[in-house]
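User: I have a two-chain model open and would like to go through a few local features with you. Could we keep it informal and take one topic at a time?

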There are 2 protein chains.
Amino acid sequence: MTEHIHETAPTQYVEANGIRFAYRRFGKAGSVPIVFNQHFQGTLDHWDPAVTNGLARTREVILFNNAGVASSSGETPSTFQEMGANAIAFIRALGLSEVDILGFSIGGMISQEIAVQAPELVRKLILVGTGLRGADMSTSQSSSIFGRTYEPAEHLWLKVHFTPSEASQAAGLAFLERKLRRQDRDPLVGQQTIDAQLAAIGEYLAYREVDGYLDYLKTIRQPTLVVQGSNDVIIPTYNSFVLQQTLPNAQLILYPDSNHGSFYQYPELFVAEATLFLGS
Amino acid sequence: MTEHIHETAPTQYVEANGIRFAYRRFGKAGSVPIVFNQHFQGTLDHWDPAVTNGLARTREVILFNNAGVASSSGETPSTFQEMGANAIAFIRALGLSEVDILGFSIGGMISQEIAVQAPELVRKLILVGTGLRGADMSTSQSSSIFGRTYEPAEHLWLKVHFTPSEASQAAGLAFLERKLRRQDRDPLVGQQTIDAQLAAIGEYLAYREVDGYLDYLKTIRQPTLVVQGSNDVIIPTYNSFVLQQTLPNAQLILYPDSNHGSFYQYPELFVAEATLFLGS
């Protein structure tokens with residue numbers, strides 16, 4: 001049997017909820033697998049191989065496209081609750097009864113909904129660069145950053161994931177090089193997915209008007225690692241402080257001079273700290 | 001040569017600034033040593049051996065009493081700036097030209113003043129359960145906790161360093177057991193030290209009224225690891241978020257269900273994370 005890595009793991013498919021989910025699975029078998037939940041507009045090919053391969057040294061890594069996203073079939077629903085339900089159906093369709101969950105950005109919001117809906121399925125949670133129901137987005141620059149065009153288009157991610165500092169931009173270019181190494185690539189997401197993800201974000205932020213909108217976090221009792229950059233211009237960093245202060249069992253790590261993609265700026269450090277957290 | 005550990009390292013003395021500083025030094029020679037700066041009322045014997053011995057596996061650890069504290073001679077000054085100057089004199093008297101600095105609680109404030117006054121001396125900083133000039137202490141329960149008596153007296157530290165949860169209190173009892181293992185012990189601090197430390201705290205908090213009171217943090221360019229418990233009742237946790245957001249190069253770690261002594265509650269995790277930080 002070949003030991004696959006991020007760059008070589010074949011795209012596989014599994015059916016659940018009437019959706020044909022595309023996924024890739026690689027790493028060290030025999031442990032609790034970790035299921036990655038992707039950010040806005042992201043596909044199987046938007047993860048950093050330094051992170052996925054790094055974690056795959058000690059556990060199985062499962063990347064997947066949620067319903068309607070890129071090479072998965074179906075429609076993307078317009079709430080994170082429904083996306084969470086689809087993720088649960090996908091995980092169960094793989095025959096798994098216990099997983100760790102990593103969620104990045106809106107993937108972190110979906111991860112929280114997975115934990116709320118299927119607590120027995122989730123051993124530990126890693127939430128990177130994310131927010132919460134009713135997150136404070138008042139200082140987010142998301143609309144203006146995603147609303148512009150970039151040449152080459154991939155440089156959007158230098159703006160989203162990295163700070164303007166020389167060190168962070170250099171880390172960004174290294175990330176793009178790693179990310180583009182894989183040859184057979186997932187298609188980009190379609191407009192239906194983008195519109196549905198934006199609708200879901202809008203619905204999630206509206207929780208701020210609801211009394212006790214943070215209460216659901218108290219029901220997420222899994223050990224949780226919350227990770228964010230010092231200066232996240234997509235989801236303001238303060239939200240991770242609120243997550244840590246409200247979740248019953250959360251560790252917070254904020255990295256210096258970093259933006260939305262903090263764990264892509266310090267992949268070795270993140271992998272070491274996440275491995276400590278998952279192993280403890 | 002005997003390989004000393006926390007429990008066996010002899011108390012040694014060195015003279016500087018007219019003060020005879022008591023210190024203990026142990027661990028793996030040849031690396032940049034780490035100098036520990038102690039909390040309010042603390043002595044050589046208030047550190048957790050699980051932390052000191054843990055870090056000593058990969059580097060030299062130096063514990064010391066600042067001027068006037070316990071077995072060190074002299075008067076305790078009434079500002080953290082003067083305590084920082086004394087610490088610098090102590091470090092230089094050992095013939096050291098580069099050290100890492102760990103500071104806990106008011107020791108973290110002294111550590112910042114060391115970095116401000118002698119930036120060339122400090123390679124990296126670890127600030128645990130601490131604040132900053134002008135810290136927001138509005139929710140601190142410090143006065144009421146230190147103002148009561150405990151039976152046995154050592155149980156003060158269960159209240160200061162640990163949360164009321166069963167898990168945290170159990171970790172607290174384990175900490176006290178470790179802390180009391182060493183036989184030949186430092187004397188307790190005298191009233192002059194307590195009064196001077198309280199005066200220094202008052203002077204430090206008064207910075208809040210000064211315009212630009214956070215500006216000094218921008219001059220501390222050393223890589224810094226900021227660590228605190230989720231619910232610090234001595235120095236409110238939010239101050240560590242402000243430290244991380246203001247220091248130019250700081251990583252923040254907040255531990256779950258933990259109080260002022262978070263690193264004594266999770267000593268293995270702290271040692272692993274601090275070793276990663278110091279080694280990177």
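User: Leaving aside its neighbours within four places in sequence, which residues is T193(B) in contact with?
Analyst: T193(B) is in contact with G68(B), V69(B) and T76(B), where contact means heavy atoms within 4.5 Å. Before going further, this is a predicted model, in which local features need pLDDT of at least 70, side-chain atom pairs count only at pLDDT 80 or more, and totals for chains, interfaces and linings use all residues. Residues are numbered from 1 along each chain as its sequence is written, chains are lettered from A and ligands numbered from 1 in the order in which they are written, and side-chain values use heavy atoms, with hydrogens and water left out.

User: Where is T193(B) found, and is it buried or exposed?
Analyst: T193(B) is found in helix α7 of chain B, helices (H or I, at least four residues) and strands (E, at least two) being DSSP runs numbered from the N terminus. With a relative accessibility of 1%, T193(B) counts as buried; buried means under 20% relative accessible area, exposed over 50%, and partly exposed in between, with a 1.4 Å probe and protein chains only.

User: OK, pockets. How much space lies in the largest pocket?
Analyst: The largest pocket holds about 370 Å³ of space. On a 1 Å grid over the protein atoms alone, a pocket is an open set of points where a 1.4 Å probe fits, with protein on both sides within 12 Å along at least five of seven lines, and lining residues have an atom within 4 Å of a point. Grid points are joined across faces, edges and corners, and the volume is the space filled by probe spheres set on the points.

User: Which lining residues are closest to the centre of the largest pocket, and which elements contribute two or more?
Analyst: Of the 22 residues that line the largest pocket, F40(B), S142(B), F146(B), L198(B) and I201(B) are the closest to its centre. The elements giving two or more residues to this lining are α3 (106-117), α4 (142-147), α5 (156-161) and α7 (191-205) of chain B, and the largest share, five residues, comes from α7(B).

User: How many of the lining residues are nonpolar, polar or charged?
Analyst: The lining of the largest pocket has 13 nonpolar residues, nine polar and no charged. Here Ala, Val, Leu, Ile, Met, Phe, Trp, Tyr, Cys and Pro count as nonpolar, Asp, Glu, Lys and Arg as charged, and the others, Gly among them, as polar.

User: Switching to chain A, what does α2(A) meet in α7(A)?
Analyst: F80(A), Q81(A) and M83(A) of α2(A) meet A196(A), Q197(A), A200(A), I201(A), E203(A) and Y204(A) of α7(A). The residues of this contact divide into six nonpolar, two polar and one charged. The axes of α2 (residues 80-93) and α7 (residues 191-205) of chain A come within 9 Å and cross at roughly 115 degrees; such axes are lines fitted to C-alpha atoms, for helices over the stretch in contact, with angles running from 0 to 180 degrees between N-to-C directions.

User: And how are the two chains related, what rotation superposes chain A on chain B?
Analyst: A rotation of 180 degrees, with 0.0 Å of shift along its axis, superposes chain A on chain B at an RMSD of 0.0 Å, the fit being by least squares on the C-alpha atoms of residues with pLDDT of at least 70 in both copies. The two copies are thus related as by a two-fold rotation axis. In chain A, the C-alpha nearest the axis belongs to I253(A), 2.3 Å from it. Of the interface residues of chain A, 100% are also interface residues in chain B, so the copies meet through the same surface.

User: Last topic, the backbone: which peptide bond to P152(A) is cis, and what is phi of S105(B) near?
Analyst: The bond from E151(A) to P152(A) is cis, with omega near 0 degrees, and a cis peptide bond also joins E151(B) and P152(B). P152(A) is found in the loop between α4 (142-146) and α5 (156-161) of chain A. Phi of S105(B), a residue other than glycine, is positive, near 60 degrees, and S105(B) is buried, with a relative accessible area of 5%. Q41(B), also other than glycine, has a positive phi near 70 degrees and counts as partly exposed at 21% relative accessibility. Most residues other than glycine have a negative phi, and most peptide bonds are trans.
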